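Reader: Hi! Could you take me through one part of this structure up close, in plain words?

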Amino acid sequence: MNDGTNILTNRNCMKAQRLWFDESRVHIMMEDGRVGSLPIRLFPKLYNATTSQLEDYRFTNFGIRWEEIDEDLSYEGFFAVENQPKSDNVISKIFFEYPELNVRQVAKRSKINPTLLQQYVDGYKNPSEARVQEVIDILHRLGEELQKL
C-alpha cells in the first residue's frame, strides 16, 4: 500500500487505467490498483459539464485533461491527504462533499457553537447521533427554503 510519500518522485510512472463519475465524485483507478476520488463540486467546470463533456477526456503523463472545458486534474490530487475527508463522521463528510456550505452560518442556524461544529467538520471531535440529526435537519430546512426561491 502506498502511503503517498513516493507520489512526487514516481510521478512519471503513474498511469491511470479507468475514470468514472457518480452523483457526487470523480473516481480514478490507477494501473497499480489504487483507487482515488474527489468531490466533483470542487471543480466547477466538471460539476457544470454535460455528460458528453465529462466523457471527452484523455489521460496525460500527469493527469486527466478535458480539452473542451479546459480542465485538468493531476493524478497526485486524487491521493493527496489534504483532498481526502479528515474524518469518518457524517458531519465531516457532508461539509467535505459540499464545500459551499459555510460552517459558521450552519452553526448559527442550528444554534451550535461554531468552534464545536468546526471541530466536527475537521474530525477533532465526533458528534453524537442526536447532533448529526440536528445538523441534517437544519440543512434540510435550508434546502426547503432555497427551493421556495
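Here is a walk through one sheet and its rings, followed by a look at one helix.

Author: Sure, let's go. This is a predicted model, in which local features need pLDDT of at least 70 and side-chain atom pairs count only at pLDDT 80 or more, while totals for chains, interfaces and linings use all residues. Residues are numbered from 1 along each chain as its sequence is written, and side-chain values use heavy atoms, with hydrogens and water left out.

A bit of background to start. The protein chain has 7 helices and 6 strands; here helices (H or I, at least four residues) and strands (E, at least two) are DSSP runs, numbered from the N terminus. Of its 149 residues, 37% count as buried. Buried means under 20% relative accessible area, exposed means over 50%, and partly exposed is in between (1.4 Å probe, protein chains only).

Now the sheet. Three strands make an open sheet in the order β4-β5-β6, and the pairing is antiparallel. Two strands pair if DSSP finds at least two bridges between them. At the edges sit β4 (58-59) and β6 (71-74), each pairing on one side only. β5 (residues 63-66) pairs with β6 over 4 bridges. Among the partners, Ile64 is matched with Leu73 of β6, and Trp66 is matched with Glu71 of β6. β5 and β6 form a hairpin with 4 residues between them, and Asp70 in that turn has a positive phi of about 55 degrees.

In a regular strand, side chains alternate between the two faces of the sheet. On β6, Glu71 and Leu73 make up the covered face, while Asp72 and Ser74 make up the uncovered one.

Trp66 also brings us to the rings. A pair of aromatic rings is described by the distance of the centres and the angle of the planes. The rule: rings of Phe, Tyr and Trp (its six-membered ring) pair if their centres lie within 6.5 Å, with planes under 30 degrees apart counted as stacked, over 60 as edge-to-face and the rest as tilted. A search of the whole structure turns up 3 aromatic pairs. One of them joins Tyr57 and Trp66, a tilted pair at 6.2 Å centre to centre with 50 degrees between the planes. Tyr57 counts as partly exposed because its relative accessibility is 29%, whereas Trp66 has 0%, so Trp66 counts as buried. Ring pairs also tie Phe21, Tyr57, Phe59 and Trp66 into a cluster.

Last stop: helix α5 (residues 103-110). Its buried residues are Val103, Val106, Ala107 and Ser110. They sit on the same side of α5 because they cover an arc of only 100 degrees around the axis, the arc being that of the directions from the helix axis to the C-beta atoms. Turned away from that buried side is a face carrying the exposed residues Arg104 and Lys108. The buried residues of α5 pack against α4 (90-97), α6 (114-122) and α7 (129-147), where contact means heavy atoms within 4.5 Å. At the start of α5, a side-chain oxygen of Asn102 comes to within 2.9 Å of the backbone nitrogen of Arg104. Just after the helix, Lys111 takes a positive phi of about 60 degrees.

Definitions and conventions. Polar contact = N/O pair within 3.5 Å; in protein donor to acceptor, adjacent residues only side chain to side chain.
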